[in-house]
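Colleague: I should be grateful for a close look at one part of this model, followed by an account of a helix elsewhere in the chain.

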Amino acid sequence: MATLQSAPNREQLDQYKERLLQLKKERNAIILAHYYMRGEVQEVADYIGDSFGLAQKAKDTDADVILFCGVHFMAESAKILNPNKIVLMPDERSGCPMADMVTGDGLRKLKAEHPNATVVAYVNTSAEVKAETDICCTSSNALKVINSVESDEIIWVPDKNLGHYVSQFTDKKMIIWQGYCNTHDLLTPEEVLALKAEYPDAPIVVHPECRPEVVALGDYVGSTTGILKYCRESNFENYIVATEEGVRYMLEKESPEKTFHFASRYMVCPNMKVHNVKKMVRALETMQPQIEVDPEVAEKARRSLDRMLEIVPK
């Protein structure tokens, strides 16, 4: 096998992939990858999805080992849903700044101020925060989850942009935490409108983690899976895409005849991009780094994830 390098060529990548397949079989492992991963990671994944799809797949798998290519809170969720399985992450530096914007202590204080509120947490949160949460949600099911709870008052953490978007479609009072996704929040309306001037017939597809003024420009607003479905099923030649650039891999794979113009070249999540195939090989060779969650915290957090999965079935 080729020596591990920072930028393998095609031949070396093929060698890594061959070794990965061998290790996957030996370990009875499944590879789960988020849509924001590098193309080389998505090429070898057994399942590629958004946060909700990955949570479903993690819960349903009969593999002994889950190699999770995403950010830390996603791998944590996989471990919470599978306490007896080994969950590996190719590079445990892959954190989520948005998830770090809310803490268990901060949420407990807010709950004390609003004792009658139900806590709905975006899955982009730590296990500690999930343990303080009544029910989790993702961008694809947030509204359905919010409308499923009995309380008329919702504490929403941590993404203010998604919270603002959802609040437009419910009569419930929403107390919104002021966190945000560093990558999506960078995008400005001016950047989107500049592309629209170049491609006036192209629909604008937007992830609701973007700023409200960007979301307002969208012809379609939805989760990553929703964006892929819209672009796959509609008949435009060009699309203006307002989400993380890793989605390009699947967009072009599913619709090679279409052209996708990303609204900003800066919409790149550096935390997602730390994973690569050589690190995946190393993780399965060494069975490290393993993701662990305190059992007491995990038990509480599991309830909030299970409630989401029960309300929004496959």
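Where is the place of Ser151, and between which helix and which strand does its loop run?

Modeller: This is a predicted model, in which local features need pLDDT of at least 70 and side-chain atom pairs count only at pLDDT 80 or more, while totals for chains, interfaces and linings use all residues. Residues are numbered from 1 along each chain as its sequence is written, and side-chain values use heavy atoms, with hydrogens and water left out.

Ser151 lies in the loop between helix 8 (142-148) and strand 7 (153-157); helices (H or I, at least four residues) and strands (E, at least two) are DSSP runs, numbered from the N terminus. With a relative accessible area of 14%, Ser151 is buried (under 20% relative accessible area, 1.4 Å probe, protein chains only). Leaving aside residues up to four places away in sequence, Ser151 touches Asn116, Ala117, Thr118 and Lys172, where contact means heavy atoms within 4.5 Å. Towards Asn116, the side chain of Ser151 reaches the backbone oxygen at 3.2 Å.

The helix elsewhere is helix 15 (residues 277-286). At its start, a side-chain oxygen of Asn276 comes to within 3.3 Å of the backbone nitrogen of Lys278. Seven of the ten residues of helix 15 are buried, leaving the helix mostly covered; they are Val277, Lys278, Lys279, Met280, Val281, Ala283 and Leu284. The cover over these residues includes helix 1, strand 1, helix 2 (39-44), strand 3 and strand 4 (86-88). Just after helix 15, Met287 takes a positive phi of about 55°.

Helix 1 (residues 10-27) deserves separate mention. Its axis comes within 9 Å of that of helix 15, and the two cross at roughly 30°; axes are lines fitted to C-alpha atoms, for helices over the stretch in contact, and angles run from 0 to 180 degrees between N-to-C directions. That makes helix 1 roughly parallel to helix 15 (an angle under 35 degrees). To this contact helix 1 brings Leu13, Tyr16, Lys17, Arg19, Leu20, Leu23, Lys24 and Arg27, while helix 15 brings Val277, Lys278, Met280, Val281, Leu284 and Glu285. Of these contact residues, eight are nonpolar, none is polar and six are charged; Ala, Val, Leu, Ile, Met, Phe, Trp, Tyr, Cys and Pro count as nonpolar, Asp, Glu, Lys and Arg as charged, and the others, Gly among them, as polar.

Terms used: Angles under 35 degrees count as roughly parallel, over 145 as roughly antiparallel, 65 to 115 as roughly perpendicular and the rest as oblique. Buried means under 20% relative accessible area, exposed over 50%, partly exposed in between (1.4 Å probe, protein chains only). A polar contact is a pair of N or O atoms within 3.5 Å; within protein, one must be able to donate a hydrogen and the other to accept it, and residues adjacent in sequence count only if both atoms are side-chain atoms.
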